[in-house]
Amino acid sequence: MTTRALHRAAGLVMLLPLIGWAVTGAFFFLKPGYSGAYELLQIKTYPLEATMALRTDPSWLEVRVEKSILGEHLLARTSKGWLNLDPHTCEPKPEPSADEIRMLVTDAFSANPARYGRVASVEGNNITTDTGVRVALDWNRLTLAQRGKDTNRIDTIYKIHYLQWTGLEGVDKVLGALGILLTLALSVLGARLLLK
């Protein structure tokens, strides 16, 4: 098979991935919709009381005191993870009820009501809004993580760009390696054609 025929065959095989890379690469360059999709949703905090005596534990690696709409929280990081404690007793704060979670996230949503809308449902520490955004509460860290339809769309574009087409890790790795090898082959064959 001649260099020209090999170049043509590799080009035909790589046509779809190259178009995919060009389109998704342009998307990643322009980043439309990224700000909302990966927005850092934070618990709204309030000023602490002027004086508060804290008892500490030598096993704590890091300590933070915050005040949310649900009250004061002593957040302590240990070698086993984070703890959400009552700052006055150092006892673990009980998991919030569905109503308390609703109050906590509604307060956080006030930073961007157009994106989050209103709470539609609360199941455990997972919240769904009427705008389709899903929010997860990590009570021990007192943090929120949000994911909307736009986040899913960008993740799909990422998978297309990196040849993660099947959802099977082994197959997708082979596709990725094959894409890289064929791109290199196209470059080498194209250079040979140019130099002839």
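A residue is counted as buried when its relative accessible area is under 20%. By this criterion, 30% of the 196 residues of the chain are buried in the structure described here, which is a predicted model.

The secondary structure of the chain consists of 6 helices and 7 strands. Read from the N terminus, the elements follow the order α-α-β-β-β-α-α-β-β-β-β-α-α. The radius of gyration of the chain is 25 Å, whereas the globule rule gives 16 Å for 196 residues; the chain is therefore more spread out than a compact globule. Along the principal axes, the C-alpha atoms fill a box of roughly 80 × 40 × 30 Å. The accessible surface of the chain amounts to about 12400 Å², and carbon and sulfur atoms contribute 61% of this area. The chain carries 22 positive and 19 negative charges, and the mean positions of these two sets lie 16 Å apart. Among the contacts with a separation of 6 or more, 47% join residues that are 24 or more positions apart.

Two pairs of residues illustrate how positions remote in sequence may be placed in space. Valine 13 belongs to helix α1, which comprises residues 3–30. Because its relative accessible area is 53% and the cut-off for an exposed residue is over 50%, valine 13 is classed as exposed. Its C-alpha atom is 9.3 Å from that of glycine 179, although 166 residues separate valine 13 from glycine 179 in sequence. Serine 187 is part of helix α6, formed by residues 169–195. With a relative accessibility of 47%, which falls between the limits of 20% and 50%, serine 187 is partly exposed. Serine 187 and histidine 7 are 180 residues apart in sequence, and their C-alpha atoms are 8.8 Å apart.

A further pair concerns serine 79, which is located in the loop between β2 (71–78) and β3. The relative accessible area of serine 79 is 70%, so this residue is exposed. From serine 79 to tyrosine 162 the distance is 36 Å between C-alpha atoms, for a sequence separation of 83 residues.

Helix α3 was examined in greater detail. This helix contains 12 residues (98–109), for which a rise of 1.5 Å a residue predicts a span of 16 Å; the C-alpha atoms at its ends are 16 Å apart, in agreement with that expectation. The buried residues of α3 are Ile101, Leu104, Val105, Asp107, Ala108 and Phe109. The elements that cover these buried residues include the strands β1 (62–68), β4 (119–123), β5 (126–129), β6 (134–138) and β7 (143–147), together with helix α4 (113–116).

Backbone geometry was also considered. Most residues other than glycine have a negative phi. Cysteine 90, which is not a glycine, nevertheless has a positive phi of about 65 degrees. Cysteine 90 is situated in the loop between β3 (81–85) and α3. Leucine 142 likewise is not a glycine and has a positive phi, of about 55 degrees. The loop between β6 and β7 contains leucine 142. At 4% relative accessibility, leucine 142 lies under the 20% cut-off and is therefore buried.

Methods
Residues numbered from 1 in each chain as written. Predicted model: local features only at pLDDT ≥ 70, side-chain atom pairs only at ≥ 80, totals over all residues. Heavy atoms only, no water. Helix = DSSP H or I, 4+ residues; strand = E, 2+ residues; numbered from the N terminus. Expected span 1.5 Å × (residues − 1). Buried < 20%, exposed > 50% of the residue type's maximum accessible area, 1.4 Å probe, protein only. Contact = heavy atoms within 4.5 Å. Rg over C-alpha atoms; globule rule 2.2 N^0.38 Å. Areas by Shrake-Rupley, 256 points an atom, 1.4 Å probe, with all protein chains shown as cover. Lys, Arg positive; Asp, Glu negative; His and termini not counted. Charge placed at Lys NZ, Arg CZ, Asp CG, Glu CD.
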